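Hi everyone, thanks for coming. I'd like to walk you through a structure that is probably new to most of you, so please take a moment to look at it on the screen.

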Amino acid sequence: MAQPTVMTVRGPVPADELGITLAHEHLFFRLDCYYSQAEDDPDGTFATGPITPDRLWWLRSHPFNSRVNLAQEDLATAVSEVEHYKAAGGSTIIDVTTVGISPNPAGLVAVSEHTGLHIVAGTGYYLATSYADHPATDQSTEELADEMRRALLEGMHGTDVRAGLMGELGVGNPPAPVELRVLAAAAQVQRELDCAINIHPAWYRAGAETAVQAVEAAGIEPRRTMISHLDVRFLDDLPAYKELARRGYWLSLDTFGREMYYPHANIQFPSDAQRIQVVLGLLEAGYGDRLLLAQDICFRTDLVCYGGHGYAHLLRTLRSRFLQSGVSAATFDSILTDNPRRFLCGE
Ligand SMILES: [Zn+2]
């Protein structure tokens, strides 16, 4: 039987060469769709000003209130940031930057060439609010499926850089009509090509529940699908995670390192200690084989060069903490190696 391969931005790679893999990251991003002006920044000083040490604390707790903080489009920065991950033992990154938050396939190829890391890119569409002016908004399910199929088989956004999965696909609450067409298109392409899907649900527990309902209605296969950001949707509600795992979904706890309160969304992110407790609970319940972990780096203040936790946080800071909490090294490494491989390739 042929050795299974995974499509990276530089071509197919044997699945057993992927190694440690982050399941949900962004190497280049532009999250303008989230920008709003903060009430405590009436003259826009923080919104447009440079990121300086005296502003870091404010920016971390108001990440969506600075246009500068919401964009990272510099190759040298991306390369030096992922070098930290590589130095900590990382090998592969799944970049799920889809239409609406500025996908950059050529940039991903350049990062992979400079660092030797494997990068698997997602194709598709983020939340409808992020691409309101894009032609996709008026496209039919067939046209959206054609575009994602082409990205997987030929190349993305006018390049010959192929996607290795679909997503993150955004699902608002309530879902926008185009988001439902994207899900129907993704279901169709998944049936044809058996590829993995990453879903971005809207805020709060209700956002995750709505997204899962929409995914099911579209006929997407749960066992080939990860639901992202569950650590900040379900918090420490173990039964909610278990229910999704029981239905076959991949559970993505992907905001490790982000522990802030966001006033604009009235969201208190969990602490890493709480995330580790959830992982322990899911391991105990026998769902260790449904877990995916990452840091969803998507603000400049997340980057090491701005004092952030960066792409290496799980390996460099949290691995020992998982081990102290009773997770064996073999289990931790398997969650970061075997699970993403099985997610990308199928079981
Ligand atoms: Zn997301």
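I'll go from the overall chain to the sheet, then to the core, one helix and a few smaller details. Please keep in mind that this is a predicted model.

Let's begin with the whole chain. The protein chain contains 11 helices and 14 strands. Its radius of gyration is 19 Å, close to the 20 Å that the globule rule gives for 347 residues, so the chain is as compact as a globular protein of that length. Along the principal axes, the C-alpha atoms fill a box of roughly 60 × 50 × 40 Å. As for burial, 48% of the 347 residues count as buried. And if you take contacts between residues at least 6 apart in sequence, 78% of them join residues at least 24 apart.

Now, please find the open sheet of 8 strands. In which order do the strands of this sheet run? Reading across, the order is β3-β6-β7-β8-β9-β10-β11-β14, and the pairing is parallel. At the edges sit β3, residues 21-25, and β14, residues 291-293, and each of these pairs on one side only. On average, neighbouring strands of this sheet are turned by 25 degrees against each other, direction ignored.

Let's zoom in on the β3 edge. Strand β3 is joined to β6, residues 92-95, by 3 bridges, and the two run parallel. One pair to look for is Thr21, whose bridge partner in β6 is Thr92.

There is also a hairpin to see, formed by β1 and β2 with 2 residues between them. Here β1, residues 5-8, and β2, residues 11-14, run antiparallel and are joined by 4 bridges. Met7 has Pro12 in β2 as its bridge partner.

Next, the core. Which residues touch the most other members of the largest nonpolar core? Among its 97 residues, they are Ala186, Ile227, Leu251 and Leu293. Helix α6, residues 177-193, gives the largest share of this core, with 7 residues.

Let's follow one of those four, Leu293. Leaving aside residues up to four places away in sequence, Leu293 touches Ala23, Leu253, Asp254, Phe256, Leu314, Ile335 and Leu336. You may recognise Leu293 from the sheet, as edge strand β14 spans residues 291-293.

Now for a helix with two faces. Helix α8 covers residues 238-246, and its buried residues are Tyr241, Leu244 and Ala245. Why do we say that these lie on the same side of α8? Because they cover an arc of only 100 degrees around the axis. The face turned away from this buried side carries Pro239 and Arg246, which are exposed. What do the buried residues of α8 pack against? Their partners are α7 (204-218), β10 (225-227), β11 (250-253) and α9 (272-284). Just after α8 comes Gly248, which takes a positive phi of about 105 degrees.

Let me finish with Glu142, which lies in helix α5, residues 141-153. Is Glu142 buried or exposed? It is exposed, because it has 12 other C-beta atoms within 10 Å, and a residue counts as exposed with 12 or fewer. If you would like to trace a distance across the model, try Glu142 and Thr48: they are 94 residues apart in sequence and 40 Å apart in space, C-alpha to C-alpha.

That's my tour, and thank you for listening!

Notes. Residues are numbered from 1 along each chain as its sequence is written. This is a predicted model: local features need pLDDT of at least 70, side-chain atom pairs count only at pLDDT 80 or more; totals for chains, interfaces and linings use all residues. A nonpolar core is a set of buried Ala, Val, Leu, Ile, Met, Phe, Trp, Tyr and Cys residues joined through C-beta atoms within 7 Å. A residue is buried if 20 or more other C-beta atoms lie within 10 Å of its own, exposed if 12 or fewer, and partly exposed in between; C-beta atoms are placed from the backbone. Two residues are in contact if their C-beta atoms, placed from the backbone, lie within 7 Å. Two strands pair if DSSP finds at least two bridges between them. Axes are lines fitted to C-alpha atoms, for helices over the stretch in contact, and angles run from 0 to 180 degrees between N-to-C directions. The radius of gyration is taken over C-alpha atoms; the globule rule is 2.2 Å times the number of residues to the power 0.38. The arc is that of the directions from the helix axis to the C-beta atoms.
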